Amino acid sequence: MPEFAVWAPKPETVRLDVEGTVSPMTRDDNGWWRATVDAAADARYGFLVDHDPTPLPDPRSARQPEGVHERSQLWEPAAPGDHGWAGRSVDGAVIYELHIGTFTPEGTFDAAVDKLDYLVDLGVDFVEVMPVNAFSGTHGWGYDGVLWYAVHEPYGGPDGLVRFIEACHRRGLGVLIDAVFNHLGPSGNYLPRFGPYLSSASNPWGEGINIADAESDEVRRYIIGCALRWMRDFGADGLRLDAVHALFDTTAIHILEELSAETDALAQELGRPLSLIAESDLNDPRMITARADHGLGMTAQWDDDIHHAIHTAVSGERQGYYADFGSLGTLATTLRRAFFHAATYSSFRKRRHGRPLDTATIPATRLLAYTCTHDQVGNRALGDRPSQNLTFGQLAVKAALVLTSPYTTMLFMGEEWGASTPFQFFSSHPEPELARATAEGRKKEFADHGWDADDIPDPQDPQTFERSKLNWSELDDGEHARLLQLYKDLIALRRNESDLSDPWLDDMSVDYDEAERWIAVRRGGLTVACNLGVRPVTVPFTGDVVLASEEPAVGAAGAELPAHSFAILRCG
């Protein structure tokens, strides 16, 4: 007979409801309530808290077949299939970020499996899925999860996720899962009914999680247990940890350090590498410094400074947090040092920000470089992609700067063919008041920045979700096909050229001419020369052309690059 257990120090009584049959539960001194009852392997159940007759879902539920407001369902992970998967390191890899609901027309794990061979052909090493934890409604980005242990049912539930990960492993693809532990969504969050899951601290998305206040030890175990479960029970190869700067931890052992240690222990137990990639706004190298060297021990972290430096230099945009970026000098500094803001003044924050990276001890592969992400596309007012605003040549230059860099790289689904579909912010809150507040809040946010409120897509409109789905019929069309082939060639070059696998920033040199709008990155015997301007320029480098977005003219004086183009030269 299965044992049911829930940590609930807050209520006076907790009872177990299994398929309508109510049984008492016994509390121990630590606030855990337990009951062992006869139940089918797929029984649906919930907890009755104090005098409330409505069953609440299990905070550690694996499955919510009717959504986050209804009963949980028992689910046991099957023994993982033996496909000879030994895992792989994320260092220097090519990662592909995707959203299950919009990656395919069907929006399911099983439908995504049908596209995995395409990703292998592209040259991808890891798939990073945006959050698949259970959230209210049928579709959304997933960052409003409220049952972190459960897998969103419309995607295929826990069994669908297992099938997806096993299919990836059979093809040699690692899987990273985006996990959100810094806040809870506004709909279906019953955790405060059970215990002190929330803290007095707040962040941009609401109340913070209690990881340092009174009675936080069990909350920390709740978070760490969930993180390890994605890797142990589902076979994921690591996690992307959302906005870790919003984890307010004042304890001596930071929760990320604790999670790092336990992840390493699990990796040793499983006999394969496991990775933790942090999204951090701090520009603090301690995030990716080993625990033995007094760091937090994250495997890697997203580096938005690289994105901002490349995007602004190519596109010319300067609004908001792009204000300090845009020059080729800024781009050169960021490529060489990973962080542009490194104990330097940030005009956006109106204060000093960041800390210098020790390039002699921290390899570049611990930082992720990218031309766009779900945030950098979806958090724009219209959810427009760079491919909707830039030319083929500009997209090619951005791709070359990222994919020939010493950093671990990441693509966002569809960027490799210049997808014409937007990726907009969408939600499906079932509560009318919350739906209205979400739509109005989105419009107000961008109206305050000068946008016409009528132009802002309504997140609750089903068409906003439908518009955000990739159009796979574009792959073979004209410039889309041409860009896709260029991405394949760049990824193959990255994999096959030993000079591009050197992870040390001190071995890389960068030259540029601000007036002429060219920049050249030297990696061993290869020079990646880019023209970001609107006129042809001559760069002072010669050699054999290894790969180019246009036909350069190479002569004794150097290489002439057409407007908005790049050429990779093998120099003597």
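Two strands pair if DSSP finds at least two bridges between them. On that basis, this predicted model holds a closed barrel of 8 strands with parallel pairing. There is also an open sheet of 5 strands, with antiparallel pairing. Aromatic rings form 28 pairs across the structure.

**The barrel**

- The strand order in the closed barrel is β8-β9-β12-β15-β16-β17-β20-β21.
- Neighbouring strands of the barrel are turned by 30° against each other on average, direction ignored.
- One of the pairings joins β9 (residues 126-129) to β12 (residues 174-179). These two strands run in the parallel sense and share 4 bridges.
- F126 has G174 in β12 as its bridge partner.

**A buried asparagine in a loop**

- Two of the barrel strands, β16 and β17, are linked by a loop that contains N283. In residue numbers, β16 spans 275-278 and β17 spans 300-302.
- N283 has a relative accessibility of 5%, under the 20% limit, so N283 counts as buried.
- The N283 side chain reaches the backbone oxygen of H341 at 2.9 Å.
- Residues up to four places away in sequence aside, N283 touches D305, F339, H341, H353, G354 and R355.

**The open sheet**

- The order of the open sheet is β22-β23-β24-β29-β26.
- Strands β22 (508-513) and β26 (544-548) stand at the edges. Each has a single partner strand, so one side of each is left without a neighbour in the sheet.
- Neighbouring strands of the open sheet are turned by 20° against each other on average, direction ignored.
- Strands β23 (residues 518-523) and β24 (residues 526-531) run antiparallel and are joined by 6 bridges. Within β24, V528 stands opposite V521.

**Helices against the open sheet**

- Helix α11 (residues 392-403) packs on the sheet and touches β23, β24 and β29 (565-570). The direction of α11 makes about 35° with that of β29.
- Helix α14 (residues 478-496) lies across β26 and β29. Its run is at about 130° to β26.
- R482 lies over the face of F392, at 3.7 Å from the ring centre.

**An enclosed helix**

- Helix α9 (residues 328-337) has 7 of its 10 residues buried, so α9 is largely enclosed by the rest of the structure.
- The buried residues of α9 are L328, G329, T330, L331, A332, T334 and L335.
- The cover over these buried residues includes α8 (304-315), α11, β22 and β23.
- Just after α9 comes A338, with a positive phi of about 75°.

**Aromatic rings**

- Among the aromatic pairs is Y45 with F47. Their ring centres are 6.0 Å apart and their planes stand at 80°, so the pair is edge-to-face.
- F47 also pairs with F194. Here the ring centres are 6.4 Å apart and the planes stand at 85°, so this pair is edge-to-face too.
- F47 lies in strand β6 (residues 44-49), while F194 lies in helix α5 (residues 191-194). The pair therefore ties together parts that are 147 residues apart in sequence.
- Y45 is buried at 4% relative accessible area. F47 is buried at 0%, and F194 is buried at 1%.
- One aromatic cluster is formed by W141, Y143, F412, F423, F425, F426 and F465.
- The charged end of R240 sits over the ring of W302, 4.1 Å from its centre.

**V539**

- V539 is placed in strand β25 (residues 537-539).
- V539 is buried, with a relative accessible area of 0%.
- Leaving aside neighbours within four places in sequence, V539 is in contact with W518, A529, A557, G558, A559 and L561.
- L161 is 378 residues from V539 along the chain, and the C-alpha atoms of the two are separated by 50 Å.

Conventions
Residues numbered from 1 in each chain as written. Predicted model: local features only at pLDDT ≥ 70, side-chain atom pairs only at ≥ 80, totals over all residues. Heavy atoms only, no water. Phe/Tyr/Trp six-rings, centres within 6.5 Å; stacked < 30°, edge-to-face > 60°. Buried < 20%, exposed > 50% of the residue type's maximum accessible area, 1.4 Å probe, protein only. Lys NZ or Arg CZ within 6 Å of the ring centre and 35° of its normal. Axes fitted to C-alpha atoms, helices over the stretch in contact; angles between N-to-C directions. Contact = heavy atoms within 4.5 Å. Polar contact = N/O pair within 3.5 Å; in protein donor to acceptor, adjacent residues only side chain to side chain.
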